[in-house]
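I opened this notebook to look up three things in turn: the cysteines, the pockets and the nonpolar core.

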Amino acid sequence: MNTIWLLMCAIGVVGSNSLVLSPIAGDVAGSFAGTGATDAMTASAVYGAGTALSALFLAPYADRIGLRRALFLALFGLALSLGVSAASPALLVLILAQGTAGLAAGLTLPAIYGLAADLAPKGHESETLGKVLTGWTLSLVAGVSLSSIIADFLHWRAVFAILGIVSLLLVLSLRRADIVECATSGKVTSPLVALKISGLPPILFGVACYMAAFYGLYAYLGTHLTETLALSTALAGVAALSYGVGFGVVAPLDRLIDRHGASRAAPFVFGALLLVYLGLAIVSPLWLAVLVACFAWGAINHLGLNILVGQLTALSPDQRGTILGLYSAVTYAAMFVGTAAFKPVFELYGFAAVAVLSAVCIAPPLFAAIRSGPQRTPKADVRYNAQNRR
C-alpha cells in the first residue's frame with residue numbers, strides 16, 4: 001500500500017479513538033458496577049490531556065530519533081494501550097489505558113504530518129497533506145458511525161480491540177514501506193525555544209482561533225439538533241456524517257493551494273469559513289439547511305487545516321517534531337477552552353449565538369492573512385508550477 005495512504009489510516013485510528021467513546025459511553029458504563037456514562041467519558045478527557053502533554057514534551061524527541069522511528073514507537077504504544085482498553089477489568093484501568101493512548105497519539109500526529117511533508121513530491125505538498133488529512137474523515141465516518149453498530153452486535157470491547165489490531169497492522173506495514181525522511185537535527189528543541197522560530201507564534205495563534213471556533217461549535221451541534229430541534233439521535237448523527245463527507249470530498253482541491261500558494265489562498269479560505277459560520281447561525285432553526293451547511297463547513301475546514309499545517313511544516317524541516325507537537329498541544333488546549341467558553345453562550349443564547357462566536361474567532365486569522373498578503377514564490381517553484389499548468 002502507498003505510504004501516504006498508510007499515514008492517512010494512522011490518522012483515522014487516532015481520530016477514531018478520540019471520538020469513539022462518546023456514542024458507546026453508556027455501554028461502557030454498563031460493564032462496570034456503579035458507573036454512569038459521564039464517568040466513562042472521563043477516559044476521553046484523560047486521553048485528550050495525555051495527547052496534549054505528549055505533543056508538548058515528547059514530540060520534540062522525534063527530531064532526535066527521526067520521525068519514522070517515532071511513528072513506529074508511537075503506533076506500537078497506541079496498539080498496546082488500545083489492547084489494554086479492550087481488556088480493562090475496571091473503569092480506572094480503562095481511564096489509565098486511554099491516558100497512555102493519548103501519550104502515544106501526541107507523538108503519532110506530529111510524526112505523521114512531518115513524514116507527509118517529507119514524502120510529498122516537490123510542488124505537491126498541499127495535495128499530499130490533503131490525502132493524509134482525509135484520515136479525519138475516516139474517523140468521523142467509520143469511527144463514529146461504526147462504533148455503535150459494533151458495540152450493539154459484538155461488544156464495546158471489540159471497538160477498542162479492532163482499533164488496536166489496525167494500529168499493529170499499520171506498524172507492520174510501515175516497517176516494510178520505503179520511507180525516506182529529511183535529516184533530523186539530532187537534538188531536542190525546547191518548546192519555549194521553538195517559539196522563537198520566525199513566523200511560528202502567529203501561525204499557532206491562528207491555530208488556536210481556528211480550533212476554538214471548530215470545537216466550540218461542534219461540541220453543541222448534537223445538543224442543538226436533539227434538544228432544540230427535537231430530532232432523533234440518528235438524524236443528529238447525519239450532521240456529523242455530512243461534515244465528514246465534506247471534509248473528505250474536497251481533497252482534490254488541495255492542489256490549488258500548491259498552485260497558488262498558501263498565503264494567497266488563506267484569505268479566501270478563512271473568509272469562506274467565516275461566512276459558513278454566519279450561515280450556520282442564520283439557518284440554525286432549519287435542520288436540512290444545517291445539514292447542507294455542515295457539508296460546506298467540513299469542506300472549507302479541510303482546506304483551512306491544510307493551509308495551517310502546511311505553513312508549519314515549511315518553517316523548519318529539522319524541527320518539525322517540536323513545531324507540530326506545539327501545533328497538537330495548541331489544538332487540544334483550544335478544544336478545552338473553546339468547549340468551556342462556548343457553553344454559557346449556548347445555554348443563554350442558543351446555537352446561533354455560538355455560530356456567530358465561531359465567526360468572531362476566525363476573524364483574527366482572516367485579518368492576519370489579508371494583512372500579510374501573498375508571499376513571493378521562489379523562481380524554481382514558479383517554473384515547476386508553470387510546467388504543470390502546460
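I began with the cysteine C361, bearing in mind that this is a predicted model. The sulfur of C361 has its closest cysteine sulfur in C209, at 6.4 Å, which is too far for a bond. I then looked from the other side and found that C209 likewise has C361 as its closest cysteine sulfur partner, at 6.4 Å. Since a disulfide requires the two sulfur atoms to lie within 2.5 Å, I do not count this pair as one, because the separation is 6.4 Å. My search of the whole structure returned zero disulfides.

I also checked accessibility for both cysteines: C209 is buried at a relative accessible area of 11%, and C361 also counts as buried, at 17% relative accessibility.

Next I turned to the pockets. The largest pocket has a volume of about 2000 Å³, and I listed 50 lining residues, with S18, L19, S22, Y218 and A219 lying nearest its centre. Helix α12, which spans residues 200-228, supplies the largest share of that lining, namely eleven residues. When I sorted the lining by residue class, I obtained 34 nonpolar and 16 polar residues, and no charged ones.

Last, I examined the largest nonpolar core, which holds 118 residues; those that touch the most other members are Y113, F160, F270, Y277, L280, W297 and L312. I followed Y113 further and, leaving aside its neighbours within four places in sequence, noted contacts with I11, L129, L133, W136, V309, T313, L324 and Y327.

Methods
Residues numbered from 1 in each chain as written. Predicted model: local features only at pLDDT ≥ 70, side-chain atom pairs only at ≥ 80, totals over all residues. Heavy atoms only, no water. 1 Å grid on protein atoms, 1.4 Å probe; cavity = no way out; pocket = protein on both sides within 12 Å on 5 of 7 lines; lining within 4 Å. Points joined across faces, edges and corners; volume = space filled by probe spheres on them. Helix = DSSP H or I, 4+ residues; strand = E, 2+ residues; numbered from the N terminus. Nonpolar A, V, L, I, M, F, W, Y, C, P; charged D, E, K, R; others polar. Buried < 20%, exposed > 50% of the residue type's maximum accessible area, 1.4 Å probe, protein only. Core = buried A, V, L, I, M, F, W, Y, C linked by side-chain atoms within 4.5 Å. Contact = heavy atoms within 4.5 Å.
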